[in-house]
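Student: Hi! Could we go through this structure together? I'd like to start with one strand and work outwards.

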Amino acid sequence: MNPYQLDSDLENLQQSLHQLDTDRIYAIQKRRNTSSVAAAMDGRYSTPRLLNALLENDPHNLAPYEKACSDRIAEEVGREPRPGYLFVPVDRPSRRDLTTSIASAGGYLVSTEAAPGNVFAEFLFALMVYIRLGLTQVNLTGNAIFPKVTGTVTAGWLTSEGGSLTESQMAFASEGASPKHVGAYCEVSRQLLKQTSPAAQALVLNHMARATAAEMDAKLTSGSGASGQLTGLLNVAGIGSVSGASATYGTILDAVKNVEEGNGIVDPTKAGFVVSPTDARLFRARERAVGSGMIMTANELGGYPAQVTKSIPNGSALFGDFSQVLLLNWGILEVGVDPYGASSNLFKAGLVGIRSIWTCDAVVLHPESFQKILSIS
């Protein structure tokens with residue numbers, strides 16, 4: 001029906017808008033359905049409940065809220081989780097304390113609070129050194145290409161009233177990114193999943209988060225870019241370096257100066273150093289000059305904060321504006337439970353295998369924003 005005698009293109013547009021409104025209504029209803037399921041449970045996401053439901057192969061009945069969340073993520077990313085797995089929401093991590101105590105007789109954990117459902121994601125973010133330095137997080141659904149300006153416009157002066165400005169050209173390049181996967185696997189007893197407190201169950205995920213965070217930091221630092229790894233900052237083309245042989249305070253200042261000369265500090269609040277414990281000790285024990293104090297004091301180098309971590313190799317340090325590193329997160333944390341695992345010994349021993357897979361990548365927008373200090377001695 002076309003009472004206003006619309007042209008065909010406007011009529012098609014009108015029909016499309018009606019469909020868009022319908023899609024929005026359906027989306028609102030889905031969110032309401034998910035919220036009502038949450039209210040029928042205990043009002044919060046529970047990873048332990050999810051693990052137990054996967055163990056029984058019945059998430060639809062035993063963990064309906066967690067199943068609904070997984071379904072919504074599957075719709076957003078355009079694919080279903082692998083059989084036996086569910087997607088776990090990892091955005092908007094929030095910190096929530098767990099109330100625990102040590103029983104005098106057995107030393108076991110007792111909890112009066114349910115563990116937060118996103119304890120894995122929150123704990124992972126809290127542990128990652130580069131998150132603390134200000135690394136930028138970006139949520140994606142597909143492969144991405146990030147445009148970069150490699151040549152900029154140059155200003156000039158008119159030599160006379162009738163003169164003209166010299167033309168300058170901007171130059172562009174692009175940096176591609178695609179999903180890469182990091183994960184952890186552990187085995188626990190069925191009794192732990194069935195009978196212990198949520199806080200004790202959360203310990204399993206916390207240990208998996210520690211391992212995943214350490215691996216993420218290590219590869220963000222020195223990943224090869226091959227064999228499914230990220231390309232780490234030490235291996236990104238275009239990042240300059242200074243020699244750290246017989247390092248002095250001037251060595252630190254040279255790294256800072258090189259970044260500043262390249263206009264590489266975009267956000268001064270996100271600039272800092274990454275240094276290994278061994279090299280941090282060296283800088284804490286070595287004077288800037290006789291009687292002038294140590295090179296590193298109060299976890300600062302050259303006036304910037306310094307993060308000390310084993311994720312960077314001994315003999316190397318990094319300085320830069322870490323807002324110029326993008327951690328690309330496809331929002332997909334898959335958690336799966338395998339009661340049998342790779343070996344039938346799990347079945348004999350009453351153990352359960354738990355595996356987590358995180359999907360991510362990293363891109364350095366401006367290599368000029370970073371400097372390496374190598375061969376520190």
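Tutor: Happy to. Keep in mind that this is a predicted model. Let's begin with strand S7, residues 180–189, where the side chains alternate. Lys180, Val182, Ala184, Cys186 and Val188 point to one face and are buried. His181, Gly183, Tyr185, Glu187 and Ser189 point to the other face and are not buried.

Student: Which strand is S7 joined to, and by how many bridges?

Tutor: S7 is joined to strand S15, residues 351–364, by 10 bridges, and the two run antiparallel. To pick out one position, Lys180 has Cys360 in S15 as its bridge partner.

Student: Let's zoom out. How many helices and strands are there in the protein chain?

Tutor: The protein chain has 11 helices and 16 strands. It has 377 residues, and 42% of them count as buried. The accessible surface comes to about 20,300 Å², with 52% of that belonging to carbon and sulfur atoms.

Student: And what about contacts between residues at least 6 apart in sequence?

Tutor: Of those contacts, 74% join residues at least 24 apart.

Student: Now the sheet of 7 strands: what is its order?

Tutor: The order is S8-S16-S13-S9-S12-S11-S10; the sheet is open and its pairing is mixed. Strand S8 (240–243) and strand S10 (296–297) stand at the edges with a single partner strand each, so one side of each has no neighbour in the sheet.

Student: Which helices pack on it?

Tutor: Helix H9, residues 249–261, is one of them, and it touches S8, S9, strand S11 (300–301), S12, S13 and strand S16 (370–374). The direction of H9 makes about 155° with that of S16. Helix H10, residues 277–285, also packs on the sheet, touching S9, S10, S11 and S12. The direction of H10 makes about 110° with that of S9.

Student: S9 turns up in both. Is S9 enclosed or open, and why?

Tutor: All 5 of the 5 residues of S9 are buried, so the strand is largely enclosed by the rest of the structure. Ala271, Phe273 and Val275 point one way from S9, Gly272 and Val274 point the other way, and all are buried.

Student: How does S9 pair with S12 and with S13?

Tutor: With S12, S9 pairs in the parallel sense over 3 bridges, and Val274 stands opposite Gln307 in S12. With S13, S9 is joined by 5 bridges and runs antiparallel. There, Ala271 has Asp321 in S13 as its bridge partner.

Student: Changing topic: how many aromatic pairs does a search of the whole structure find?

Tutor: The search finds 4 aromatic pairs. In one of them, the rings of Phe273 and Phe319 have centres 4.6 Å apart and planes at 40°, so that pair is tilted. Phe273 lies in strand S9 (residues 271–275) and Phe319 in strand S13 (residues 317–321), so the pair ties together parts 46 residues apart in sequence.

Student: Are those two buried or exposed?

Tutor: Phe273 is buried, with a relative accessible area of 0%. Phe319 is also buried, and its relative accessible area is 0%.

Student: Why is the pair of Tyr304 and Phe319 called edge-to-face?

Tutor: The ring centres of Tyr304 and Phe319 are 5.0 Å apart and the planes are at 65°, so the pair is edge-to-face. This pair links strand S12 (residues 304–308), which holds Tyr304, with S13, which holds Phe319, and the two residues are 15 apart. Tyr304 has 16% relative accessibility and counts as buried, because the cut-off is under 20%.

Student: Which residues form an aromatic cluster?

Tutor: Tyr130, Phe322 and Phe370 form one aromatic cluster. If ring contacts with charges interest you too, the charged end of Arg288 sits over the ring of Tyr249, 4.6 Å from its centre.

Student: Nice. One last helix: how many residues of H2 are buried?

Tutor: In helix H2, residues 47–55, 9 of the 9 residues are buried. Among them are Arg49, Asn52 and Leu55. Just after H2, Asn57 takes a positive phi of about 55°.

Student: And how far apart are Ile73 and Leu333?

Tutor: Ile73 and Leu333 are 260 residues apart in sequence, and 10.0 Å apart in space from C-alpha to C-alpha. Ile73 belongs to helix H4, residues 64–77, and is buried, with a relative accessible area of 10%.

How values were computed
Residues numbered from 1 in each chain as written. Predicted model: local features only at pLDDT ≥ 70, side-chain atom pairs only at ≥ 80, totals over all residues. Heavy atoms only, no water. Phe/Tyr/Trp six-rings, centres within 6.5 Å; stacked < 30°, edge-to-face > 60°. Helix = DSSP H or I, 4+ residues; strand = E, 2+ residues; numbered from the N terminus. Buried < 20%, exposed > 50% of the residue type's maximum accessible area, 1.4 Å probe, protein only. Lys NZ or Arg CZ within 6 Å of the ring centre and 35° of its normal. Contact = heavy atoms within 4.5 Å. Areas by Shrake-Rupley, 256 points an atom, 1.4 Å probe, with all protein chains shown as cover. Pairing = 2+ DSSP bridges. Axes fitted to C-alpha atoms, helices over the stretch in contact; angles between N-to-C directions.
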